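Hi,

Here is the structure I promised to pass on to you. Have a look at it first, and then read on for what I found.

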Amino acid sequence: MNDATDPGSSSAGPAPTVQVRIPTILRAYTGGATVVSASGATIGDVIGSLEAAHPGIRARVLDEQGSVRRFVNLYLDDDDIRFGLGLQTPVTTGATVSIIPAVAGG
Amino acid sequence: MTTVLSTPAPTGAAASGIDLGPAVALSCRECGHRVDLGPFYACTECFGPLEVSYEFAVRGQALKNRIEAGPTNIWRYAPLLPVPAGIAETRNMNPGGTKLIRADHLARELGMKTLWVKDDSGNPTHSFKDRVVAVALAAARQLGFSVLACPSTGNLANAVAAAAARAGIRSVVLVPSNLEQQKILTTAAYGGTLVAVDGSYDDINRLAGEIAAEQEDWAFVNVNVRPYYAEGSKTLGYEVAEQLGWRLPQQLVIPVASGAQLVKVDKGFTELGELGLVEPTPYRVFGAQATGCSPVSAAFKAGEDTVRPVRPDTIAKSLAIGNPADGPYVLDVTRRTGGAIEDVSDEEVVDGIRLLARTEGIFAETAGGVTIAVLRKLLAAGRLDPDAETVVFNTGDGLKTLDAIAHAVGPTATIAPTLTAFEQAGLA
């Protein structure tokens, strides 16, 4: 697995830094990196940080109203953010955010 | 090969040597973005689910003749599926052709006029999952995968392990470690790799997606070949229509886990109308969930068009998907057709299993109990028309979920082996 550091996130000052797992579908925006660093106090901020470093990602993950697209699952470590506060869910340094397309079928 | 590519495949199906019959492309259900056939499942534009698009070569009476001359399994509908023309001759489980049973006794008990049970427990591994896996296997072969895999709540585990054994390829199946013992054993018996994971189905589904991104020659039937897999459920709709004499019922009650089955039955009915095989008469689709995992029912009742995930807690484990990917489309179909979605308690599920068994001699797994219980609940509430011809789906065999009813049924009496004891027990 490739690790790539997001240079854009270093300007976020004291905001927590997290690792973001990038699905195959979005790796064109990260130069093929499967994990990138990003920063922000909340999941929403983290996505903003991702967009700054990798333009184009935000529009794939969020819709025109700024809501998470309905076939995108965002996880903070093991928890779906919809079980938390959605995009307002706070993050802590060292956490992992995963972006995963929604698929299911028993 | 990768599971989802960032850019569309560079060549068309024909040019790349992929033979998936009438399938011509994958298109996004959300935004319509179109890509060539390949191992893709999520739209590169919006993450929406990709769906198979077709150009059907045969229609009307010619298609009907061809279907009726076909084998008594799902491959009679091969002209409508993403499979190669010679699919019936390949090593596969040949699922489908299950019975549509006229349920007069159950209808009478519920005050209904005409009720049918589509009993898909008659499939090779005793659930409807054999249908979808057979189509997924065909696609996996065409797309060059060498391993058949899945995350499962049990029935899919059985179907994948058996289909891989028949096909002579490796299977890797992930299941929740707290799954019913019957479903663990009936998967392990086929000899593939079976991984019991300490987590919920939704945890395992997420894990499967992550594994699929790394294991490039693994076809996770319900992840990276999901667009093809899901099409297999159309055959439930085709069969019901053909078994009714090429016409559509007025009402259907269908269990909802991921929601794909309900959505694809509707797609199948729509195609039959468009292709001139049935009169496109109106029908109402009703979805059935267990209250302990009812995110789609909750969204329906709240009037919402998105589904908020839940943490499942129900004996209906085959329906225990807390984050159902096709939930929004289930809402679309039920609302468009004038149907509804209802949920029932675990106690009602057990009552539903017993009611169907007692009246029709059909022993359903918990999902079937959910469906029968929802049928009864909707009738009692006046939301289902008792005079309209209705089809309910039993999608799995009760032998797979014996634990669910072990507390509720047993011998009428236990006696000594004498006639006196028999008579004294009042059994004559």
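Please keep in mind that this is a predicted model. I'll begin with a helix in chain B and come to the confidence scores further down.

Helix α12 of chain B covers residues 327-337, and its buried residues are B:G327, B:P328, B:Y329, B:V330, B:L331, B:V333 and B:T334. If you would like to see what lies over them, the cover includes two helices of chain B, α10 (260-274) and α11 (295-302), along with the strands β11 (284-290) and β12 (340-344). After α12(B) comes B:G338, which has a positive phi near 80 degrees.

Helix α4 of chain B, residues 129-143, is also worth a look. Its end C-alpha atoms are 21 Å apart, and this agrees with the 21 Å that 15 residues should span at 1.5 Å a residue. As for its surroundings, α4(B) is mostly covered, with 15 of its 15 residues buried. A glycine with positive phi turns up here too: B:G144, just after α4(B), has a phi of about 90 degrees.

Two residues other than glycine have positive phi as well. One of them is B:F47, with phi near 75 degrees. You will find B:F47 in the loop between β2 (34-35) and β3 (50-54) of chain B. Is B:F47 buried or exposed? B:F47 is buried, because 26 other C-beta atoms lie within 10 Å of its own and the cut-off for buried is 20 or more. The other is A:D77, whose phi is positive at about 50 degrees. A:D77 sits in the loop between β4 (72-76) and β5 (79-80) of chain A. A:D77 has 12 other C-beta atoms within 10 Å, so it counts as exposed, the limit being 12 or fewer.

Now to the domains. The assignment for chain B gives domain 1 as 13-55 + 129-229 and domain 2 as 99-126 + 233-404. Their C-alpha centres lie 23 Å apart. In the contact between them, domain 1 of chain B takes part with 18 residues and domain 2 of chain B with 21 residues. On the domain 1 side, α4, α5, α6 (181-188) and α7 of chain B each supply at least two residues. Of these, α5(B) gives the most, with four residues. By type, that side of domain 1 divides into six nonpolar, seven polar and five charged residues.

What about the two chains? Here 38 residues of chain B are in contact with 20 residues of chain A. On the chain B side, the elements that give two or more residues are α5 (155-167) and α7 (201-214). The largest share, five residues, comes from α7(B). This side of chain B is made up of 18 nonpolar, 16 polar and four charged residues.

Finally, the confidence scores. Chain B averages a pLDDT of 93, and 96% of the residues score at least 70. Over residues 1-15 of chain B, however, the pLDDT is below 50, although this stretch has 39 contacts in the model beyond near neighbours in sequence. Where pLDDT is low, the predicted coordinates should not be read in detail. For the model, the scores are ipTM 0.76 and pTM 0.90.

Happy to talk any of this over.

Best wishes

How values were computed: Residues numbered from 1 in each chain as written. Chains lettered and ligands numbered in written order. Predicted model: local features only at pLDDT ≥ 70, side-chain atom pairs only at ≥ 80, totals over all residues. Contact = placed C-beta atoms within 7 Å. Expected span 1.5 Å × (residues − 1). Nonpolar A, V, L, I, M, F, W, Y, C, P; charged D, E, K, R; others polar. pLDDT = per-residue confidence, 0-100. Domains from an automatic or database assignment.
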